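Let us walk through this structure in two stops. Have the sequence and the 3D view ready.

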2 protein chains.
Amino acid sequence: MDLKEAREKFIEAWGAFGSAWGINRSMAQVHALLLISHEPLSTEDVMEQLNISRGNANMNMRALIDWSLVRRVLKSGERREFFEAEKDVWKVATHITRERKKRELEPLIRLLDELEDIPGATAEAKSFRKMTHDLHDLTTRLDTLLDHSTRRDVQWFVKAATTLLK
Amino acid sequence: MDLKEAREKFIEAWGAFGSAWGINRSMAQVHALLLISHEPLSTEDVMEQLNISRGNANMNMRALIDWSLVRRVLKSGERREFFEAEKDVWKVATHITRERKKRELEPLIRLLDELEDIPGATAEAKSFRKMTHDLHDLTTRLDTLLDHSTRRDVQWFVKAATTLLK
DNA sequence: ACTTTCTTTCAATACTATTTGAAACTTCCG
DNA sequence: CGGAAGTTTCAAATAGTATTGAAAGAAAGT
């Protein structure tokens, strides 16, 4: 397999992978392209290499910046902006984890918190209380875990935990 | 807030939460309904309580069984089938983790494995090799971690890790 | 073997999300 | 200031997913 083919495969796979995680395909593909590019790329470069429209490229680039996965870079003497991905995979993991925690886990915990003490003595009410309570406990623990593991450094955490479990 | 309202909120939220994770809304809602029901429910019950069609209820129930999140239950004297969710939230977490690992993480690792040794001496080729190698390392570690944590017991793992990080 | 009751399938339809492309906007420079 | 070069926005078009409902299939009882 040559480099060109391999790059295409990587971009495609990263796109599919992203889809399964609620990240849209283009956004994931732009990310993939920037991850494997040696030099920062311009909007034009991205449009061309992925065959997507200007609007699409722009929107997804901004979303990636929002996730702290991509930075704007200014090249001296150049008017237009260039974009560069964070290349440290451990940092990438930290940013993604934090962002998803904030967007998905935290709202769920807040809801479960509200729903925890619904009154009622029927079996249905008891069943409901137990479920929300247990889920609240689980999600809170997970939240703490992710919090610490990203506050310090995922790399450290994953390595330590792997050792612990061996 | 009364029980009825709380149940509706829970079902709705679980549905929205599921969507963000690539699980379709109905599937997540059926799951939510079964999670908070004291008794096993029939297809009719689910159709009625969620206002969805028979086909939809049926398909999603089968998908949930496939994920080991729901079991078929036979009530003696009844012809039709009933469905019951796994209520132990730690087991639920284990099943979901395992399933997603199998469906998403493992294929990615296999691909990265293939892409790790693409030849070429250009800066682009080196950049590509470094990225696939680093990602392979990260995903493999994560895989091991998830593997152990679900083989034993997520509960044990999360509690241990939380302590470790305190 | 027929009827009843329930389950499963699947083509048509409805719904949601993504992408485009062109217009509006901004910035920089002579 | 005027215009060239680039960026951003957003309504409309397209593509992608989920849902319905009716028909076919299974299983159980008579």
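How do the residues of the surface near DNA strand D divide into nonpolar, polar and charged? One is nonpolar, nine are polar and seven are charged. Here Ala, Val, Leu, Ile, Met, Phe, Trp, Tyr, Cys and Pro count as nonpolar, Asp, Glu, Lys and Arg as charged, and the others, Gly among them, as polar. A residue is near the strand if one of its heavy atoms lies within 4 Å of it.

The model is predicted: local features need pLDDT of at least 70, side-chain atom pairs count only at pLDDT 80 or more, and totals for chains, interfaces and linings use all residues. Residues are numbered from 1 along each chain as its sequence is written, chains are lettered from A and ligands numbered from 1 in the order in which they are written, and side-chain values use heavy atoms, without hydrogens and water.

Stay with DNA strand D. Of the 17 residues around the strand, N58(A), R62(A), S26(B), S53(B) and N56(B) come nearest. Sugar and phosphate make up 67% of the strand's atoms that come within 4 Å of the protein. The side chain of N58(A) has an N or O atom 2.5 Å from a phosphate oxygen of the strand. For S26(B), that distance is 2.7 Å.

Now turn to R100(A). This residue sits in helix 5 (residues 89–115) of chain A. R100(A) is buried, with a relative accessible area of 9%; buried means under 20% (1.4 Å probe, protein chains only). A polar atom of its side chain lies 2.5 Å from the backbone oxygen of W21(A). The R100(A) side chain also reaches the backbone oxygen of A20(B), at 3.4 Å.

Note on methods:
Helices (H or I, at least four residues) and strands (E, at least two) are DSSP runs, numbered from the N terminus. Buried means under 20% relative accessible area, exposed over 50%, partly exposed in between (1.4 Å probe, protein chains only). A polar contact is a pair of N or O atoms within 3.5 Å; within protein, one must be able to donate a hydrogen and the other to accept it, and residues adjacent in sequence count only if both atoms are side-chain atoms.
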